[in-house]
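Subject: Structure for your review

Dear colleague,

Please find below the structure that I am handing over to you, together with its sequence. I would be grateful if you would keep it open while reading the notes that come after it.

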Amino acid sequence: MEEIIFKTEQVVKRYKGFRAMLKKGKNAANALDGLDMEIRRGEIYGFVGKNGAGKTTLLRVIAGAVLLTGGTMELFGERDPEKMHLQRRRINGLIEGPALNQSMTAQDNLKVCCMQRGLDSRQCIDEVLEQVGLTQFELEKRKVREFSLGMKQRLGIAMALLGKPEFLFLDEPLNGLDPEGIRDFRELMLRLNQEQGTTILISSHQLRELTQIATCYGFIDKGKMIEQITAQELEEKTSDGDLEGYFLSLIYKNKLIKS
């Protein structure tokens with residue numbers, strides 16, 4: 001059995017203001033509400049859920065950007081916060097959108113990221129720019145503010161690839177990409193996974209694209225994991241691999257159980 005590199009048990013994340021909203025009689029819920037999740041080494045994990053389901057919050061938890069309200073989390077087998085902090089050197093990702101300095105070039109943005117992560121920029125920058133297909137553009141004198149949305153997204157993915165992370169997490173990485181960019185992204189993810197053994201977590205609404213690369217899926221609704229399933233199991237259950245239809249059926253069943 002493959003190593004579990006990320007795991008949560010009954011994880012809860014409640015942001016400030018939720019309790020006050022409840023006291024006033026307004027509808028409120030935890031961003032994460034007892035979430036159980038497992039990602040094994042070598043998987044390409046498709047993370048599926050509606051807007052507001054808790055996907056981005058979970059990615060922030062992985063990155064260490066937010067603290068849990070309750071439950072437990074493991075990263076590479078570590079639960080202790082101090083040891084987990086060290087394990088985060090082995091991960092990298094893109095959450096919501098790339099944090100880019102618009103007045104700097106792509107190379108300079110990447111140099112800053114290398115400095116923050118203690119990496120030798122001379123060994124990293126050209127490689128990641130080539131991986132995401134940005135070397136075809138004349139970038140040396142162009143400021144990021146002159147980039148198209150797709151180019152900015154490619155640069156954000158390049159930033160996530162710095163340091164060759166063992167565990168890569170990407171939040172809506174296909175935003176702004178044209179069909180060629182989506183194809184390039186798909187090929188890059190498969191290459192990273194198959195040639196470098198990178199474990200990848202992708203949160204995306206483009207479910208048809210997820211079916212092209214994902215080896216397993218996690219379906220989240222209102223902060224809860226409603227099902228985790230392998231790509232093979234999905235194909236056996238749906239006969240045509242209809243990820244969107246299967247997800248909608250899970251949401252419907254989940255509502256019936258609660259009612």
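The notes below cover one helix, several individual residues, and the open and enclosed spaces. Please bear in mind throughout that this is a predicted model.

Helix α6

I begin with helix α6, which runs over residues 149-161 and has 13 residues. From its first C-alpha to its last, α6 reaches 19 Å, close to the 18 Å expected at 1.5 Å a residue. The helix is mostly covered, with eleven of its 13 residues buried. Among them are G150, M151, Q153 and R154, and the run from L155 through G156, I157, A158, M159 and A160 to L161 is buried as well.

Against which elements do the buried residues of α6 pack? Two of the partners are strands, β5 (91-94) and β6 (167-171). The helices α4 (106-117), α5 (121-131) and α7 (179-196) are also partners of these buried residues. After α6 comes G163, which has a positive phi, near 85°.

Residue M159

Within helix α6, M159 deserves separate mention. Its relative accessibility is 13%, and M159 therefore counts as buried. Setting aside neighbours within four places in sequence, M159 is in contact with N92, A99, L100, L110 and C113. M159 and L94 are 65 residues apart in sequence, yet their C-alpha atoms are 8.0 Å apart in space.

The largest pocket

M159 also appears in the largest pocket, where it is among the residues that lie nearest the centre, along with N92, G93, Q116 and R117. In total, 21 residues line this pocket. Two or more lining residues come from each of β5, α4 and α6. Which element gives the most to the lining of the largest pocket? That element is β5, with four residues. The space in the largest pocket is about 580 Å³. Sorted by class, its lining has twelve nonpolar, six polar and three charged residues.

The second largest pocket

The second largest pocket has a volume of about 270 Å³. It is lined by 13 residues, and those closest to its centre are L67, M73, P81, M84 and R88. The elements giving two or more residues to this lining are β4 (70-75) and α3 (81-87). By class, seven residues of the lining of the second largest pocket are nonpolar, four are polar and two are charged.

The enclosed cavity

How many cavities of 30 Å³ or more does a search of the whole structure find? The search finds one. The volume of the largest cavity is about 50 Å³. Its lining is made up of L174, I182, F185, R186, I202, S204, Q206, E209, L210 and I213. Both α7 and α8 (207-213) supply at least two residues each to that lining. By class, the lining of the largest cavity has six nonpolar, two polar and two charged residues.

The loop between β5 and α4

Two residues in the loop between β5 and α4 may be of interest to you. The first to be described here is T105, which is found in that loop. Is T105 buried or exposed? Its relative accessibility is 6%, so T105 counts as buried. The side chain of T105 reaches the backbone nitrogen of D108 at 3.1 Å. Leaving aside neighbours within four places in sequence, T105 is in contact with L139, E140, R142, K143 and V144.

The other residue is E96, which is likewise found in the loop between β5 and α4. E96 has a positive phi of about 65°, although it is not a glycine.

Further backbone points

E172 is another residue that is not a glycine but has a positive phi, in this case about 50°. E172 is placed in the loop between β6 and α7. At 11% relative accessibility, E172 falls under the 20% limit and therefore counts as buried.

Lastly, in helix α2 (residues 55-63), the buried residues are K55, T57, L58, L59, V61 and I62. The helix α2 is followed by G64, whose phi is positive, near 85°.

With kind regards

Definitions and conventions:
Residues numbered from 1 in each chain as written. Predicted model: local features only at pLDDT ≥ 70, side-chain atom pairs only at ≥ 80, totals over all residues. Heavy atoms only, no water. Expected span 1.5 Å × (residues − 1). Buried < 20%, exposed > 50% of the residue type's maximum accessible area, 1.4 Å probe, protein only. Contact = heavy atoms within 4.5 Å. Polar contact = N/O pair within 3.5 Å; in protein donor to acceptor, adjacent residues only side chain to side chain. 1 Å grid on protein atoms, 1.4 Å probe; cavity = no way out; pocket = protein on both sides within 12 Å on 5 of 7 lines; lining within 4 Å. Points joined across faces, edges and corners; volume = space filled by probe spheres on them. Nonpolar A, V, L, I, M, F, W, Y, C, P; charged D, E, K, R; others polar.
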